[in-house]
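Colleague: Got a minute to walk me through this one? I'd like to go through it piece by piece.

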Amino acid sequence: MHPFIPVSLLPVLLLLHVQQASSVQEIQTSHDNILKINSAGEMMQCSAAMDILFLMDGSYSVGKGSFERSKHFAIKLSQALDIAPDKVRVGLIQFGSVPRLEFALDSYTTKQELKKHMKKVSYRGGSTQTSLALKYILRKGFPGGRNSSTAAQIAILLSDGKSQGNSVQAAAQLKEAGVVLFAVGLRYPRWEELHAMASEPIESHVFFAEHFYDAVNGLYTTLSTFSVCSATPAGCHVEVFPCERKTLETVKELLGNFMCWKGAKGYSPYTSLCPHYRYNKVYKRHQTVCHRTICPDPCDSQPCLNGGTCVSEGPEGYSCVCPPGYGGDPHCAPALSLDCSVDLLFLVEGSTTLTVEGFLRLKFFLKRFLQTVIGSDTPSKVGLAVFGGETRVEVPVGKFNKNLKGLLKAVEALQPIGGETLTGQALRYVTRHGFVSAPVFADVIDDLPRVVVLLTATPAVDEVVEPSKYARDREIFLVGMGPDFLKGQLNNITGNPQRTITYSSPEFTAKIPELKAKICSVDTQGCLGQAVDLVFAIDASAGVGSENFVTLRDFVRSLTVQFDINRDVAQIALVTYGRRATTVFNLDTHDSGSAILKAALEANYLGGVASTGAALLHIHSNVLTVAKGARPGVNKAVVVVTDGSGGDDAVVPAQKLRDNGVSVFVIGIGDVQRERLLQIAGSEERMISVLSYEDLKYSEDVLVQMLCSEIKKPVNLCKPNPCMNDGTCVLTGGSFRCQCQGFEGPHCETRSIRPSSRGDRPRPAGLKKKSRQKKIHQELLHHYKLHRRRHTA
């Protein structure tokens with residue numbers, strides 16, 4: 001053993017290489033520790049008097065690929081050393097069938113020269129005669145080296161351990177001569193042979209060549225630990241990690257015996273049972289211990305908030321990988337502020353069917369959601385309710401307004417309620433008792449949109465369709481969230497798949513941005529704040545049938561809650577039609593959403609043959625008029641919901657409406673006459689086709705978006721004509737006026753009683769115009785009757 005390297009140093013010196021034997025994937029440390037190890041290795045510098053001779057296996061069993069990797073390892077390790085004539089000297093011997101000195105220890109005195117000439121070493125091939133390479137050193141010593149009393153002599157053998165000679169005996173003689181021998185495995189080594197050749201203790205002198213980054217840190221760590229040099233930067237320290245070494249071994253497996261012929265020369269052959277084997281390649285792993293130097297890291301201070309993962313980018317730099325909802329801020333601060341104004345109630349399942357783990361999972365999601373989106377300036381107010389066999393409102397909406405800490409404590413305090421999963425009952429309860437608004441002023445009630453977010457994970461045992469409809473009819477917006485297998489039930493609850501969120505993984509915090517978006521879409525749902533005169537025309541003919549007519553009626557009722565119903569914003573009228581059209585209520589009949597929801601129930605099934613044309617003529621002449629509440633300067637739209645029959649006579653009346661500035665939308669159900677309905681709508685952008693009446697509810701949001709886009713367009717104040725009794729509308733700047741003939745008033749609504757200047761009744765100057773308009777109307781009726789006769793035929 002060399003006198004300048006104490007026995008205690010050698011285990012550590014090669015523990016650094018054992019550490020190399022564990023790959024980046026195999027070291028059972030976290031990814032950030034691996035980055036720290038590599039980073040520390042780049043910072044460390046070491047200087048000591050050593051003669052290091054690489055014995056590089058260049059045989060056929062190693063192959064050219066593994067030879068190049070072992071050469072790469074030797075280069076990297078050399079670059080980590082202080083190469084100088086009086087410090088570290090490096091030489092290289094390549095062996096196959098015979099050993100060959102590539103360059104002596106005193107050949108190159110700088111890292112650059114050494115690296116350049118190491119790269120030029122070429123693969124030679126041949127048999128694996130490791131023993132000859134070891135005997136070469138025994139005979140000639142360390143070529144170009146120094147006296148063993150002034151520099152340590154270290155031989156590093158890089159081989160796959162598949163020697164064809166007695167390499168163990170030669171290695172023993174070399175170690176007796178005072179040379180420290182390290183055995184470095186290549187590819188899938190024969191570790192037994194490498195263990196037998198390496199210096200004692202074996203686990204400290206055998207390592208793997210594939211992982212040089214780890215080796216650099218390990219080498220410096222060992223040399224510094226035993227005061228051979230001082231390579232550890234200030235503030236760094238040594239840590240111990242479990243690691244493992246892997247190899248590929250052949251396992252022999254007996255498959256059975258078979259009949260075979262046996263015999264020898266001069267003897268008669270005979271039959272016998274011969275064994276049959278199968279040889280399998282299997283990975284074997286060996287556990288060991290690694291020592292590494294770890295330096296202070298910017299991530300040690302945990303700069304990433306809200307569960308963000310810190311990624312080191314050098315001694316001073318770092319970046320944060322943020323969880324969903326926290327991107328956009330370098331330290332993962334909340335980025336998804338709930339900046340919409342709603343009254344928000346979370347309805348959380350706490351039934352017996354749901355396990356305790358499942359309930360805690362829902363609570364964790366809710367807590368993370370609130371942490372993500374609730375800021376000090378969030379205008380929304382939040383409440384909490386739990387349901388199972390019964391329902392309890394644990395936190396009234398707004399109780400912890402602008403108090404996130406108190407709200408999170410309330411979430412933490414939530415407990416399962418037990419009992420069956422009575423989801424329908426819970427929806428009815430929170431509709432009645434979940435939102436109790438306090439007056440903002442003496443005579444003003446807070447009427448923000450009301451949203452219930454249902455967090456559930458097990459199927460309801462009671463009926464949910466009617467309770468959900470009950471909630472939606474009272475202008476409660478329902479958002480449902482649950483596992484994938486509850487998708488159908490959640491769609492029935494929300495009434496719209498656009499408000500349903502499902503997940504497959506038990507960890508579903510990735511759904512936070514989606515839930516936030518769906519909640520805030522309610523705040524801008526429909527055309528709240530947008531003025532419109534909207535007429536629904538629903539087919540009540542025999543082609544639809546009485547049962548499906550109820551579905552159409554409920555569809556219209558569901559749509560109306562997405563508009564701000566009052567005299568100044570949205571007005572809605574409803575028309576049903578069979579052969580003839582009937583006005584259920586006019587535009588100015590009701591001034592609240594609740595009144596319209598109630599009045600729509602009075603729409604009756606008519607039966608008979610459908611005439612969409614008759615319905616559109618009725619709307620043109622008897623609904624979209626100033627006398628029936630139509631407002632000048634307000635965009636107007638008609639939505640026709642039909643199965644497609646009875647549409648042959650509707651093309652001309654639809655065009656008449658469009659000519660007067662009215663947008664016509666058509667929803668066709670079932671096997672519709674698409675081309676005919678497209679002519680009625682006038683454009684693909686104003687037509688929706690659904691396969692069945694049950695699917696009608698899924699087109700709700702699409703229709704609302706189409707309507708909102710259309711009614712936000714500029715208004716022509718003279719379309720439709722706001723002037724009654726054939727008055728002429730004249731645009732004057734940003735307004736209009738009516739020119740009346742024989743009538744007076746802002747809209748020519750009152751017959752004139754002023755006497756003529758000649759003492760007799762004046763003849764209206766617009767009489768000819770009136771006669772012409774009457775003639776056009778008669779032609780329109782004639783065209784309509786002609787279509788009807790053709791349709792009847």
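Colleague: At what angle do helix 18 and helix 19 pack?

Modeller: This is a predicted model, to say that up front. Helix 18 (residues 651–659) and helix 19 (residues 674–681) pack at about 25°, and their axes are 8 Å apart. The two are therefore roughly parallel to each other.

Colleague: Which residues make the contact?

Modeller: From helix 18 you have Val-651, Ala-654 and Arg-658, and from helix 19 Arg-676, Gln-679, Ile-680 and Ala-681. By type, the residues of that contact are four nonpolar, one polar and two charged.

Colleague: Let me zoom out. How many helices and strands are there?

Modeller: The protein has 21 helices and 28 strands. Of its 793 residues, 50% are buried. Among contacts with a separation of 6 or more, 73% are between residues 24 or more positions apart.

Colleague: OK, sheets. What's the strand order in the one with strand 1?

Modeller: That's an open sheet of six strands, ordered 3-2-1-4-5-6, with mixed pairing. Strand 3 and strand 6 (206–208) are at the edges with a single partner strand each, so one side of each has no neighbour in the sheet. On average, neighbouring strands there are turned by 25° against each other, ignoring direction.

Colleague: And which helix packs on the sheet?

Modeller: Helix 3 (residues 63–79) does, touching strand 1, strand 2, strand 4, strand 5 (180–185) and strand 6. The direction of helix 3 makes about 170° with that of strand 1.

Colleague: How many bridges join strand 1 to strand 2?

Modeller: Eight, and the two strands run parallel. If you want a landmark, Ile-52 stands opposite Val-90 in strand 2.

Colleague: I'm looking at Phe-95 now. Is Phe-95 buried or exposed?

Modeller: Phe-95 sits in strand 2. The relative accessible area of Phe-95 is 1%, so this residue counts as buried.

Colleague: What is Phe-95 in contact with?

Modeller: Leaving aside neighbours within four places in sequence, the contacts of Phe-95 include Leu-55, Met-56, Asp-57, Gly-58, Thr-130, Ala-133 and Leu-157. Take Gly-58: Phe-95 is 37 residues away from Gly-58 in sequence, but their C-alpha atoms are 5.6 Å apart in space.

Colleague: Thr-130 and Ala-133 are in helix 5, right? Which residues of helix 5 are buried?

Modeller: Right, helix 5 covers residues 130–140, and Thr-130, Ser-131, Ala-133, Leu-134, Tyr-136 and Ile-137 are buried. Those buried residues pack against strand 1 (50–57), strand 2 (88–95), strand 3 (99–103), strand 4 (152–159), helix 6 (167–176) and helix 7 (191–197).

Colleague: What follows helix 5?

Modeller: Gly-141, with a positive phi, near 70°.

Colleague: Switching to the sheet with strand 11. What's the order there?

Modeller: Six strands again form an open sheet, this time 13-12-11-16-17-18, and the pairing is mixed. Strand 13 (391–395) and strand 18 (500–503) are the edge strands, each with a single partner strand, so one side of each is left without a neighbour in the sheet. Neighbouring strands are turned by 20° against each other on average, direction ignored.

Colleague: And the helix that packs on the sheet, which strands does that one touch?

Modeller: Helix 9 (residues 356–373) touches strand 11, strand 12, strand 16 (450–455), strand 17 (476–483) and strand 18. The direction of helix 9 makes about 160° with that of strand 11. Within the sheet, seven bridges join strand 11 (residues 343–349) to strand 12 (residues 381–387), and these two run parallel. One of the bridge pairs is Asp-343 with Lys-381.

Colleague: Which residues touch the most other members in the largest nonpolar core?

Modeller: Phe-346, Leu-370 and Leu-515, out of 39 residues in that core. Elements giving two or more residues to this core include strand 11, helix 10 (404–413) and helix 14 (512–523). Helix 9 provides the largest share, seven residues.

Colleague: What does Leu-370 touch?

Modeller: Not counting residues up to four places away in sequence, Leu-370 touches Phe-346, Val-382, Leu-404, Leu-407, Leu-408 and Val-411. Apart from this core lies another, of 38 residues, among them Phe-536, Val-569, Phe-665 and Val-690.

Colleague: Last one: is Lys-469 buried or exposed?

Modeller: Lys-469 is in helix 12 (residues 465–473). The relative accessibility of Lys-469 is 18%, so this lysine counts as buried, the cut-off being under 20%. Beyond neighbours within four places in sequence, Lys-469 is in contact with Asp-554 and Arg-557.

Technical notes
Residues are numbered from 1 along each chain as its sequence is written. This is a predicted model: local features need pLDDT of at least 70, side-chain atom pairs count only at pLDDT 80 or more; totals for chains, interfaces and linings use all residues. Side-chain values use heavy atoms; hydrogens and water are left out. Axes are lines fitted to C-alpha atoms, for helices over the stretch in contact, and angles run from 0 to 180 degrees between N-to-C directions. Helices (H or I, at least four residues) and strands (E, at least two) are DSSP runs, numbered from the N terminus. Angles under 35 degrees count as roughly parallel, over 145 as roughly antiparallel, 65 to 115 as roughly perpendicular and the rest as oblique. Contact means heavy atoms within 4.5 Å. Ala, Val, Leu, Ile, Met, Phe, Trp, Tyr, Cys and Pro count as nonpolar, Asp, Glu, Lys and Arg as charged, and the others, Gly among them, as polar. Two strands pair if DSSP finds at least two bridges between them. A nonpolar core is a set of buried Ala, Val, Leu, Ile, Met, Phe, Trp, Tyr and Cys residues joined through side-chain atoms within 4.5 Å. Buried means under 20% relative accessible area, exposed over 50%, partly exposed in between (1.4 Å probe, protein chains only).
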